[in-house]
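Dear colleague,

I am handing over the structure we spoke about, and I would be glad if you could look through it with the notes below beside you.

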Amino acid sequence: MDTDFRALRTLAETYFDAAYEMDAEKFASIFHPSSSVTKVADDGDVGVTPIAMWLAAVRNAKAPKLQGAERDDEILSLDVERDLALLKVRLRVPPRHFTDLLSCLKVNGTWKIVQKVMTSKT
């Protein structure tokens, strides 16, 4: 179990680094290829974006690091049940603050994000 917690904390740190640097390849290394990003869309309904489309948007986003923004990220909770884990994280990508629920599965011995559900505020 300790090994899983360490691996998931490392995954979260990679996630935070990727967000701060807006590094799509770093994100791709921790997301399963069939994953998606879910949020409440502008029309108020559920919006689901396949990971490939989301990564394309990341490639065109301005990195907080390049904007000189201070890093502000943390793991709020981490729950593990066998090969299933849920990470609740908070991070800042100016001008927004995000809270993300990262559903993870241990796939072939490696933890991968299989679903990201997010909300944000300015």
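What follows is a short account of what was found in it.

Please keep in mind that this is a predicted model.

I begin with the interior. The largest nonpolar core has 31 residues, and those with the most contacts inside it are Tyr15, Phe27, Leu87 and Cys104. At least two residues of this core come from each of several elements, among them helix H1 (2–21), helix H2 (24–30), helix H3 (51–59) and strand E5 (96–107), while the largest share, 7 residues, is supplied by H1. If you centre the view on Phe27 and leave aside its neighbours within four places in sequence, you will find it in contact with Tyr15, Ala18, Ala19, Trp54, Leu55 and Val58.

Helix H3 deserves a separate look. Its buried residues are Ile51, Trp54, Leu55 and Val58, and because they cover an arc of only 100 degrees around the axis, they lie on the same side of H3. These buried residues pack against H2, E1, strand E2 (46–50) and E6, whereas the face of H3 turned away from the buried side carries the exposed residues Ala52 and Met53.

In strand E2 you will find Pro50, which counts as partly exposed at 41% relative accessibility. Not counting residues up to four places away in sequence, Pro50 touches Ser35 and Ser36.

On the surface, Leu86, Leu101 and Val117 make a nonpolar patch of about 200 Å². Of these, Leu101 lies in strand E5 and is partly exposed, with a relative accessible area of 34%.

Finally, the charged pairs: a search of the whole structure finds 9 salt bridges. In one of them Asp17 is joined to Arg71, with the closest N and O atoms 2.7 Å apart; since Asp17 lies in helix H1 and Arg71 in the loop between H3 and E3, the pair ties together parts that are 54 residues apart in sequence. The side chain of Arg71 also meets that of Asp73 in a salt bridge (2.8 Å, N to O), and Asp17, Arg71 and Asp73 are thus linked in a network of salt bridges. Another salt bridge is formed by Arg90 and Glu74, whose closest N and O atoms are 2.3 Å apart; this pair links distant parts of the chain, with Arg90 in strand E4 and Glu74 in strand E3, 16 residues apart.

With kind regards

Technical notes
Residues numbered from 1 in each chain as written. Predicted model: local features only at pLDDT ≥ 70, side-chain atom pairs only at ≥ 80, totals over all residues. Heavy atoms only, no water. Core = buried A, V, L, I, M, F, W, Y, C linked by side-chain atoms within 4.5 Å. Buried < 20%, exposed > 50% of the residue type's maximum accessible area, 1.4 Å probe, protein only. Helix = DSSP H or I, 4+ residues; strand = E, 2+ residues; numbered from the N terminus. Contact = heavy atoms within 4.5 Å. Patch = residues over 30% accessible without salt bridge, like charges linked within 9 Å, V, L, I, M, F, W, Y side chains within 5 Å. Areas by Shrake-Rupley, 256 points an atom, 1.4 Å probe, with all protein chains shown as cover. Salt bridge = Lys/Arg side-chain N within 4 Å of Asp/Glu carboxyl O. Arc of directions from axis to C-beta.
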